[in-house]
Amino acid sequence: MSRIIDLTSPLDPHDLDLVPPDMPDLALVIAPKIDYHTHDAWGREFMVASFGCDPDDLPAREGPAGEVMHEISTHCGTHVDAPLHSGRLCEGRPSRTISDIALDELYRPGMVLDVRPWARPGEAIPVEALERAVKANGRDIQDGDAILIRTGQERYRLGEPEYFDYPGMSGDGTRFLTGRGATILGTDAIGWDRPIPRMRRAFQETGDAGHIWDGHYAIQDKEALIVQQLVNLGALPPTGFMVGFFPLKLTGTSASPTRAVAFLPE
């Protein structure tokens with residue numbers, strides 16, 4: 001038997017109220033809008049129309065409850081990015097979509113890299129920090145590992161300014177992990193790269209296009225799946241566990257919301 005740790009952030013439409021007004025595009029990755037249909041309104045009307053019955057024919061005059069989600073992105077909440085998200089080509093071949101990825105590729109040995117001592121708001125996590133975190137774990141990254149980056153973002157809650165100014169990964173840091181065999185790259189931050197305002201500022205100040213989304217673009221060189229908005233990484237040991245990412249079975253998409261679960265031996 002295994003002890004199960006849920007690594008998935010909840011999808012709560014009330015969180016949409018916490019999205020900063022100057023960052024409206026973030027709403028699509030925070031939560032969907034949900035219409036809640038109740039037993040004694042929509043549900044009752046549905047049953048009366050479906051069966052030609054009277055409301056009094058129904059137990060407690062109630063029908064089924066139901067919900068309709070809308071304005072939901074495939075990148076909403078805890079989600080898996082397929083290589084297609086990073087570009088049309090990956091390793092010189094057409095990039096794979098979510099429906100191209102087998103479940104056994106999403107159930108992998110896990111390793112937590114605790115980079116909190118070196119993580120700085122809005123800045124790229126140095127490759128040296130990744131190297132030191134790997135060394136602290138007592139084993140090297142192995143082919144097929146799921147690497148989960150603990151930046152310390154669990155200290156902040158949605159709506160706090162620090163939540164949106166998270167430490168991110170650079171192209172060099174991403175290549176460091178994929179070059180050692182990692183096939184899944186996860187983070188407790190809302191995004192894998194640095195925040196867009198930070199990357200934009202660096203590009204405008206230097207003219208160096210290498211600052212533009214370099215963590216994601218690195219997947220074009222070596223394939224890996226990126227998982228964002230993980231939670232509860234502090235409840236995991238550094239290694240010695242399995243982790244599964246179970247996305248919706250969507251066809252041809254660049255990502256999917258996922259249930260992320262760690263399995264710890266008893």
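In this short talk I will go through two sets of paired strands and then one arginine in a helix.

Please keep in mind throughout that what we are looking at is a predicted model.

Let me start with strand β9, which covers residues 184-187. On one side, strand β8, residues 146-150, pairs with β9 in the parallel sense over four bridges, and within that pairing A146 has I184 as its bridge partner. Strand β10, residues 225-228, also runs parallel to β9 and is joined to it by three bridges, with L185 standing opposite I226. As for the side chains, in a regular strand they alternate between the two faces of the sheet. In β9, I184 and G186 point one way while L185 and T187 point the other way, and all of these residues are buried.

The second set is centred on strand β11, residues 239-247, which pairs with strand β7, residues 107-114, in the antiparallel sense over five bridges; here G110 is placed opposite F241. β11 also pairs with strand β12, residues 255-265, again in the antiparallel sense, over six bridges, and in that pairing F246 is partnered by R259.

Finally, I would like to turn to R44, which lies in helix α2, residues 39-51. Is R44 buried or exposed? With a relative accessible area of 21%, R44 counts as partly exposed, because the buried class requires a value under 20%. The side chain of R44 reaches the backbone oxygen of D40 at 3.3 Å. Beyond its neighbours within four places in sequence, R44 is in contact with H39, P55, L58, R61 and G63, and of these L58 is 14 residues away in sequence, with a C-alpha to C-alpha separation of 8.1 Å.

Methods. Residues are numbered from 1 along each chain as its sequence is written. This is a predicted model: local features need pLDDT of at least 70, side-chain atom pairs count only at pLDDT 80 or more; totals for chains, interfaces and linings use all residues. Side-chain values use heavy atoms; hydrogens and water are left out. Two strands pair if DSSP finds at least two bridges between them. Helices (H or I, at least four residues) and strands (E, at least two) are DSSP runs, numbered from the N terminus. Buried means under 20% relative accessible area, exposed over 50%, partly exposed in between (1.4 Å probe, protein chains only). Contact means heavy atoms within 4.5 Å. A polar contact is a pair of N or O atoms within 3.5 Å; within protein, one must be able to donate a hydrogen and the other to accept it, and residues adjacent in sequence count only if both atoms are side-chain atoms.
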